[in-house]
Amino acid sequence: EAIRVVKEHDQTKPMFLYFSVPNVHTPNQTPKYYDQKYLEGLDHITEYDRRKLALNLGGLEESVQNLTEALKKSPMWEDMMVVFMSDNGGTPHGGPAYGGHSNYPHRAGKNSLF
């Protein structure tokens, strides 16, 4: 959808695009094609939740890459600011919504002061 918005936008006018993706939030549900597309090279990740998180990160990376490529084809690319933001980390191991997240080197994650 974001790529369509970029392509259809009047390239002579400023644009604000908020692109939010849920890939790295629990529950770690991955489309079947992620398993086939991103599984290679993940043999070292043996924990189920962390493996699913890694698959979702592959999908996130692909989404950002596709959007970036669409923006680079636009005249807007030459005068653009891209900001990447994140929330305050994942649920620590053992938490109720643990999804394979690691907040290292910080001590905790969501709902904490660290």
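These are my notebook entries on one helix and two residues of a predicted model.

**Entry 1: helix α3.** I began with helix α3, which covers residues 48-72. I counted 25 residues in this helix. From the first C-alpha of α3 to its last I read 36 Å. That is close to the 36 Å expected at 1.5 Å a residue.

**Entry 2: burial along α3.** Next I asked which residues of α3 are buried. My list opens with Lys 52, Leu 53, Ala 54, Leu 55 and Asn 56. Gly 58 and Gly 59 are also buried, as are Leu 67, Ala 70 and Leu 71. I then looked up what these buried residues pack against. The partners are α1 (2-8) and α2 (32-38).

**Entry 3: Lys 52.** I wanted to know why Lys 52 counts as buried. Its relative accessibility is 13%, and buried means under 20%, so Lys 52 qualifies. I left aside neighbours within four places in sequence and checked the contacts of Lys 52. I found Asn 28, Thr 30 and Asp 35.

**Entry 4: Ile 3.** I moved to Ile 3, which sits in helix α1. Ile 3 counts as partly exposed because its relative accessibility is 30%. With neighbours within four places in sequence left aside, Ile 3 is in contact with Asn 66, Leu 67 and Ala 70. Two of these names, Leu 67 and Ala 70, were already on my list of buried residues in α3.

**Entry 5: a distance check.** How far apart in space are Ile 3 and Ser 63? I got 9.7 Å, C-alpha to C-alpha. In sequence, Ile 3 and Ser 63 are 60 residues apart.

Notes
Residues numbered from 1 in each chain as written. Predicted model: local features only at pLDDT ≥ 70, side-chain atom pairs only at ≥ 80, totals over all residues. Heavy atoms only, no water. Helix = DSSP H or I, 4+ residues; strand = E, 2+ residues; numbered from the N terminus. Expected span 1.5 Å × (residues − 1). Buried < 20%, exposed > 50% of the residue type's maximum accessible area, 1.4 Å probe, protein only. Contact = heavy atoms within 4.5 Å.
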